[in-house]
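The following paragraphs lead the reader through a single protein chain, residue by residue and element by element. Please keep the sequence and the coordinates at hand while reading.

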Amino acid sequence: MEIYICIGSSCHLKGSYDVIKAFKDLIAQNHLEDKVSLNASFCLGYCQNGVSAKIDGQLVTGLSRDNAEDVFNKMVLKELR
């Protein structure tokens, strides 16, 4: 599974590095390093909607440190289990 999290200037200011850290920690906690590739991406074109990501090709907007675990559980763990 491929995950791309935007680190463009708008997403950076809205906390994209916190989201990356949360996803990195969740990948390690769930021992998914061999199944999930976490990548940084520049602008995904949805700057007004908060931190954006593509998870297995599906666009997700409005990511934050507060909802990263919920999104990870729904979009990553659910798919891989």
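A disulfide is here a pair of cysteine sulfur atoms within 2.5 Å. The model under discussion is predicted, and a search of the whole structure finds zero disulfides. The sulfur of C6 has its closest cysteine sulfur in C11, at 3.5 Å; because that is too far for a bond, the pair does not meet the cut-off of 2.5 Å. Seen from the other side, C11 is likewise in no disulfide, with the sulfur of C6 as the nearest cysteine sulfur, 3.5 Å away. Both cysteines are nevertheless shielded from the surface: C6 is buried, with a relative accessible area of 3%, and C11 counts as buried at 1% relative accessibility.

The surroundings of these cysteines can be followed through their partners. S16 belongs to helix 2, and this serine touches C6 and C11 as well as I5, I7 and V51, when residues up to four places away in sequence are not counted. Is S16 buried or exposed? At 0% relative accessibility, S16 counts as buried, because the limit for that class is under 20% relative accessible area.

V51 continues the picture from the strand side. This valine is in strand 3, which comprises residues 51-55, and V51 is buried, with a relative accessible area of 0%. Along the chain, V51 and S16 are 35 residues apart, yet a separation of 5.8 Å is found between their C-alpha atoms. Which residues does V51 contact, leaving aside its neighbours within four places in sequence? Among them are I5 and C6, then C11, K14, G15, S16 and V19, and further V60, T61, G62 and L63. V51 is thus in contact with both C6 and C11, the two cysteines whose sulfurs lie 3.5 Å apart.

A further residue that meets C6 is S41, in strand 2, which covers residues 37-41. Beyond its neighbours within four places in sequence, S41 is in contact with Y4, I5, C6, I7 and G8. S41 is buried, with a relative accessible area of 16%. I5 and C6 recur in this account: they are contacts of S41, of V51 and of S16.

The packing of helices comes next. Helix 2, residues 16-29, and helix 3, residues 68-80, pack at an angle of about 50 degrees, and their axes are 9 Å apart. Because of this angle, helix 2 is oblique to helix 3; the angle falls outside the ranges for roughly parallel (under 35 degrees) and roughly perpendicular (65 to 115). The crossing of the two helices is right-handed. Which residues form the contact of helix 2 with helix 3? On the side of helix 2 they are A22, F23, L26 and I27, and these meet A68, E69, V71 and F72 in helix 3. By class, the residues of this contact divide into seven nonpolar, no polar and one charged.

Two residues in loops deserve attention for their backbone geometry. H31 lies in the loop between helix 2 and strand 2, and although H31 is not a glycine, its phi is positive, at about 55 degrees. H31 is exposed, with a relative accessible area of 62%. D56 lies in the loop between strand 3 and strand 4 (58-63); phi of D56 is near 55 degrees, which is a positive value in a residue other than glycine.

Strand 4 also contains L59. This leucine counts as partly exposed at 31% relative accessibility, because that value lies between the limits of 20% for buried and 50% for exposed. Not counting residues up to four places away in sequence, L59 touches Y46, A53 and K54. L59 and I5 are 54 residues apart along the chain, and their C-alpha atoms are separated by 9.9 Å.

The walk ends in the segment after helix 3, where R81 is found. R81 counts as exposed, at 68% relative accessibility. From C-alpha to C-alpha, R81 and V60 are 20 Å apart in space, with their positions 21 residues apart in sequence.

Definitions and conventions
Residues are numbered from 1 along each chain as its sequence is written. This is a predicted model: local features need pLDDT of at least 70, side-chain atom pairs count only at pLDDT 80 or more; totals for chains, interfaces and linings use all residues. Side-chain values use heavy atoms; hydrogens and water are left out. Helices (H or I, at least four residues) and strands (E, at least two) are DSSP runs, numbered from the N terminus. Buried means under 20% relative accessible area, exposed over 50%, partly exposed in between (1.4 Å probe, protein chains only). Contact means heavy atoms within 4.5 Å. Axes are lines fitted to C-alpha atoms, for helices over the stretch in contact, and angles run from 0 to 180 degrees between N-to-C directions. Angles under 35 degrees count as roughly parallel, over 145 as roughly antiparallel, 65 to 115 as roughly perpendicular and the rest as oblique. A crossing is left-handed if the near helix is turned anticlockwise from the far one by less than a right angle, and right-handed if clockwise. Ala, Val, Leu, Ile, Met, Phe, Trp, Tyr, Cys and Pro count as nonpolar, Asp, Glu, Lys and Arg as charged, and the others, Gly among them, as polar.
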